[in-house]
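The exercises below concern charged side chains, and each is followed by a solution that goes step by step. Please keep the sequence and the structure in view while working through them.

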Amino acid sequence: MTGAAALTSVLALAGPAAAHAEVEADKAQALAENVTLTFVSEAESASGGFREVRVVLPEGIAPADVSLGKAPKGWRLKVTDDGYVVGGPALKTGVDAEYQVRVRQLPDADEVAFKTVETYSDGEISRWIELPKDGQEAEQPAPLLKLKAAAPGATPVAPSPSASPTPSPTPSAAASTTTATADASTAAEAGEKKDDDGSSTGLLVGGAIAAVLVLGGGAWWLTKRRASATGG
């Protein structure tokens, strides 16, 4: 009985650990550039599959300097203020979530932590965000990546620009501006045409009056001359 009990104890200690999240790097060295990080989140829900994984990046890695590599089919990466979210169609229950991201450069540090929050399709949430304290292992440890010392001459690169370009005018505003300009041009043309029409009309009226006066004066002169001839 004693031997069986001891064997059972050994098997229990050798059994699988609780589900957790891990991270590995193809170049685990401080200030290394263009590094591929592989993340694995072990499935622990009995009723749902992974839907998304949210990661808070450590100091020294800007969200804009992260891009998605290999990932489950249909999963996409969305940058957040302090990291990113990668997710998509829910995985089958019991299937681990494994994906890769590429970072522009690792920070100059001995180790970096990637606090991770996992969401399942059944609404369950697992938080692997705790850091070791006083040499004791955390119950919900964040994925940790230990780094070798930086290579001689390695220096930090400038972070990628994160400022957004100046937005262009909205379609409605642009349309309003164009319409207003067209209306103004049309109004100006109409005014010019009206002025031209007014001038032309004035000239025609003036010419007609002048012709009447001339004809009237001529008729008066002829009548007076005939009267004078008759009287003489």
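**Exercise 1.** In this predicted model, determine whether Asp96 is buried, partly exposed or exposed, and state in which loop Asp96 lies.

*Solution.* The relative accessible area of Asp96 is 38%. Because buried means under 20% and exposed means over 50%, Asp96 is classed as partly exposed. As for its place in the chain, Asp96 lies in the loop between β6 and β7, the latter spanning residues 97-105.

**Exercise 2.** Identify the residues that gather with Asp96 in a patch of negative charge on the surface.

*Solution.* Glu22, Glu24 and Glu98 join Asp96 in this patch. Patch members need over 30% relative accessible area, and Asp96 has 38%.

**Exercise 3.** Find how many salt bridges the whole structure holds, and describe where the partners of each lie.

*Solution.* A search of the whole structure gives two salt bridges. One joins Arg54 to Asp82, with the closest N and O atoms 3.0 Å apart; Arg54 belongs to strand β3 (residues 50-56), whereas Asp82 sits in the loop between β5 (76-79) and β6 (83-87), so that the pair, 28 residues apart, links distant parts of the chain. Both partners are partly exposed, Arg54 at 29% and Asp82 at 31% relative accessibility.

Lys146 and Glu111 form a salt bridge as well, at 3.0 Å from N to O. This pair also connects distant parts of the chain, with Lys146 in strand β11 (residues 144-146) and Glu111 in strand β8 (residues 111-113), 35 residues apart. Lys146 is exposed at 63%, while Glu111 is partly exposed at 35%.

Note on methods
Residues are numbered from 1 along each chain as its sequence is written. This is a predicted model: local features need pLDDT of at least 70, side-chain atom pairs count only at pLDDT 80 or more; totals for chains, interfaces and linings use all residues. Side-chain values use heavy atoms; hydrogens and water are left out. A salt bridge is a side-chain nitrogen of Lys or Arg within 4 Å of a carboxyl oxygen of Asp or Glu. Helices (H or I, at least four residues) and strands (E, at least two) are DSSP runs, numbered from the N terminus. Buried means under 20% relative accessible area, exposed over 50%, partly exposed in between (1.4 Å probe, protein chains only). Patches are made of residues with over 30% relative accessible area and no salt bridge: like charges are joined within 9 Å, nonpolar side chains (Val, Leu, Ile, Met, Phe, Trp, Tyr) within 5 Å. Accessible areas come from the Shrake-Rupley method with a 1.4 Å probe; for residues, only the protein chains shown count as cover. Lys and Arg count as positive and Asp and Glu as negative; His and the chain ends are not counted. The place of a charge is taken as NZ of Lys, CZ of Arg, CG of Asp or CD of Glu.
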